[in-house]
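Work through the exercises below with the sequence and the structure at hand. Each task is followed by a solution in steps.

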Amino acid sequence: YIIEVLSKKKEKSVEDIKEDEVIYDFVDCIVDTRNYLTHPKTPKCNLIPSELYSEHAYVLQKILQVYLLQKIKVSSDVISKVCQMFP
């Protein structure tokens, strides 16, 4: 589910790109934006447009939710249902 959300940000289908590519691009955007916002003298590269901050924050929230549910040994089918309940 998370890969589907992230791939939509790249305007490509899930089948067209590798999961690792989607994840690394997302992480790079988050890190670069955070670095630029906290240290404005760093070069502007790979920044998230400010109008998309809330969408990216939502995806980060979903990733954290999945991670925590996995850590407490919730089954993957339940995790999938929970993630799709709150789009």
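**Exercise 1. State what share of the protein is buried, and describe its surface and contacts.**

Step 1. The model is a predicted one. The protein has 87 residues, and 22% of them are buried; the cut-off for buried is under 20% relative accessible area.

Step 2. The accessible surface amounts to about 6500 Å². Carbon and sulfur atoms hold 58% of that surface.

Step 3. Take the contacts with a separation of 6 or more: 32% of them join residues 24 or more positions apart.

**Exercise 2. List the secondary structure elements in order.**

Step 1. Count the elements: the protein has four helices and zero strands.

Step 2. Along the sequence, this reads α-α-α-α.

**Exercise 3. Check the length of helix α3 against its residue count, then find its buried and exposed sides.**

Step 1. Helix α3 covers residues 53-71, which is 19 residues. The expected span is 1.5 Å times one less than the number of residues, so α3 should span 27 Å.

Step 2. The end C-alpha atoms of α3 lie 27 Å apart, in agreement with the expected span.

Step 3. Next, pick out the buried residues of α3: H56, V59, K62, V66 and L69. Viewed down the axis of α3, the buried residues keep within an arc of 150 degrees, and therefore line one face of the helix.

Step 4. S54, Q61 and K71 are exposed residues on the face of α3 turned away from the buried side.

**Exercise 4. Describe the backbone and the exposure of K73, which follows α3.**

Step 1. K73 sits in the loop between α3 and α4 (76-85).

Step 2. Its phi is near 65 degrees, which is a positive value in a residue other than glycine.

Step 3. The relative accessibility of K73 is 71%. The cut-off for exposed is over 50%, so K73 counts as exposed.

**Exercise 5. Which residues form a nonpolar patch on the surface, and where does V27 belong?**

Step 1. The patch consists of I23, Y24, V27 and V31, and together these residues have about 340 Å² of accessible area.

Step 2. V27 belongs to helix α2 (residues 19-38).

Step 3. With a relative accessible area of 38%, V27 is partly exposed.

**Exercise 6. Place S80 relative to V66 in sequence and in space.**

Step 1. S80 is part of helix α4, while V66 is one of the buried residues of α3.

Step 2. The two residues are 14 residues apart in sequence, and their C-alpha atoms are 8.5 Å apart.

Step 3. S80 has a relative accessibility of 33% and therefore counts as partly exposed.

Methods:
Residues numbered from 1 in each chain as written. Predicted model: local features only at pLDDT ≥ 70, side-chain atom pairs only at ≥ 80, totals over all residues. Heavy atoms only, no water. Helix = DSSP H or I, 4+ residues; strand = E, 2+ residues; numbered from the N terminus. Buried < 20%, exposed > 50% of the residue type's maximum accessible area, 1.4 Å probe, protein only. Arc of directions from axis to C-beta. Contact = heavy atoms within 4.5 Å. Areas by Shrake-Rupley, 256 points an atom, 1.4 Å probe, with all protein chains shown as cover. Patch = residues over 30% accessible without salt bridge, like charges linked within 9 Å, V, L, I, M, F, W, Y side chains within 5 Å. Salt bridge = Lys/Arg side-chain N within 4 Å of Asp/Glu carboxyl O.
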